[in-house]
Amino acid sequence: MTSAGTPGNSGTPGTPKTDADRPAATISVKQYAGTGLWMAIRGALGVIFGLATVFWPREMLGGPTNLGIPVRTADLIIAVFLVLQAVLVLVQVKYSPAIIRTPLLGQAIVVVPALVFLLLASTAGQLRAAVCVWAVLHAIIELWIYALLRATPNANDYLIAGGVHLLLGIALLVGFSMHALSVTGFSGAAVLIASILYIIGGFTRRSRVRTLRDSGLGDDDAAADTDILAAEELVAIQRRDEADGEEGFEPHGRA
């Protein structure tokens, strides 16, 4: 197997690019796998939150035909999710490439003003404003991460997740008549969509790394620190060389 270090440029077609030719944003095999794991974990939390908003028991508010969720209950549900999400993001920072650590920290930081607004929210309008601010800020940071990693595999996950949160923010911004139940429902639906995407993206990343290792990429530190694109190029070249060798092999005795 060719060394897992960054390959040079021999000037022939199909040869891996040099460091100068590569995009500025790179992510190692180890970081790519770690990012996939924590994306899946964050996605699982989001799915739990999304389902909780759907199945949370409704209460009678003002009459038997008016079922909903009190504002304080909605505050608590959303606040708990945001805090847990922020904790997972802070852990994910350790396993992420340096270029997106600042945006990830930003995702955790924007939870703070959201929590302050949620603690102060006593009406549906205040609840809507608190979630709207968080959704828009979170969306901007997701799009920022996409811009930084757009040259890496599966970067579109961040673009779509950012778009979903931005749509949530817009819906809340114009939803002047929303009650606490509507705010919670829209938030849960948006988070559920983005979280399912995160889970799929997380497992896709883990699968790509597993495929690389099954193809002969070593588990040593040099292989783990190789850029994911360079590693995939090395494996592709190895497979092509092996295929060319098999085609050029003529058994003894064949006419």
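Is the crossing of α2 and α7 left-handed or right-handed? Hold that thought while we get our bearings. What you have here is a predicted model, and a quick overview helps before we zoom in on that pair of helices.

The protein has nine helices and two strands. If you read along the sequence, you meet them in the pattern α-β-β-α-α-α-α-α-α-α-α. There are 255 residues in the protein, and 44% of them count as buried. Take the contacts in the protein with a separation of 6 or more: 73% of those come from residues 24 or more positions apart.

Now back to the opening puzzle. The crossing of α2 and α7 is left-handed. These two helices pack at an angle of about 20 degrees, and their axes are 9 Å apart. An angle under 35 degrees counts as roughly parallel, so α2 is roughly parallel to α7. On the α2 side, the residues that meet the partner helix are Val71, Ala74, Ile78 and Phe81, while α7 brings Ala180, Thr184 and Val191. Sorted by class, this contact between α2 and α7 has six nonpolar residues, one polar residue and no charged ones.

Helix α7 has another partner worth a look, namely α6. The axes of α6 and α7 come within 10 Å and cross at roughly 180 degrees. Anything over 145 degrees counts as roughly antiparallel, so that is how α6 runs relative to α7. From α6, the contact includes Tyr158, Ile160, Val164, His165 and Leu168, and from α7 it includes Phe186, Ala190, Leu197, Tyr198 and Gly201. By class, the contact of α6 with α7 has 15 nonpolar, three polar and two charged residues. Among the residues making this contact are Asp157 of α6 and Arg205 of α7, and that brings us to salt bridges.

Side chains of opposite charge can pair when their charged atoms come close. The structure holds two salt bridges. One of them joins Arg205 to Asp157, with the closest N and O atoms 2.7 Å apart. This pair links distant parts of the chain, since Arg205 sits in helix α7 (residues 180-214) and Asp157 in helix α6 (residues 156-174), 48 residues apart. Both Arg205 and Asp157 are buried.

The other salt bridge takes us back to α2. Arg72 pairs with Asp75, and their closest N and O atoms are 3.0 Å apart. Both belong to helix α2 (residues 71-94), and because they are three residues apart there, about one helical turn separates them. Their surroundings are worth checking too: Arg72 counts as partly exposed because its relative accessibility is 46%, whereas Asp75, at 3%, counts as buried.

Next, find helix α5 (residues 124-149), where His138 lies. With a relative accessibility of 4%, His138 counts as buried. So what is His138 in contact with, leaving aside its neighbours within four places in sequence? The list is Arg42, Gln107 and His165. You have already met His165, as part of the contact that α6 makes with α7.

One last stop is the loop between α5 and α6, where you'll find Asn154. Most residues other than glycine have a negative phi. Asn154, though, has a phi near 65 degrees, a positive value in a residue other than glycine. Its relative accessible area is 23%, so Asn154 is partly exposed.

Terms used: Residues are numbered from 1 along each chain as its sequence is written. This is a predicted model: local features need pLDDT of at least 70, side-chain atom pairs count only at pLDDT 80 or more; totals for chains, interfaces and linings use all residues. Side-chain values use heavy atoms; hydrogens and water are left out. Helices (H or I, at least four residues) and strands (E, at least two) are DSSP runs, numbered from the N terminus. Buried means under 20% relative accessible area, exposed over 50%, partly exposed in between (1.4 Å probe, protein chains only). Contact means heavy atoms within 4.5 Å. A salt bridge is a side-chain nitrogen of Lys or Arg within 4 Å of a carboxyl oxygen of Asp or Glu. Axes are lines fitted to C-alpha atoms, for helices over the stretch in contact, and angles run from 0 to 180 degrees between N-to-C directions. Angles under 35 degrees count as roughly parallel, over 145 as roughly antiparallel, 65 to 115 as roughly perpendicular and the rest as oblique. A crossing is left-handed if the near helix is turned anticlockwise from the far one by less than a right angle, and right-handed if clockwise. Ala, Val, Leu, Ile, Met, Phe, Trp, Tyr, Cys and Pro count as nonpolar, Asp, Glu, Lys and Arg as charged, and the others, Gly among them, as polar.
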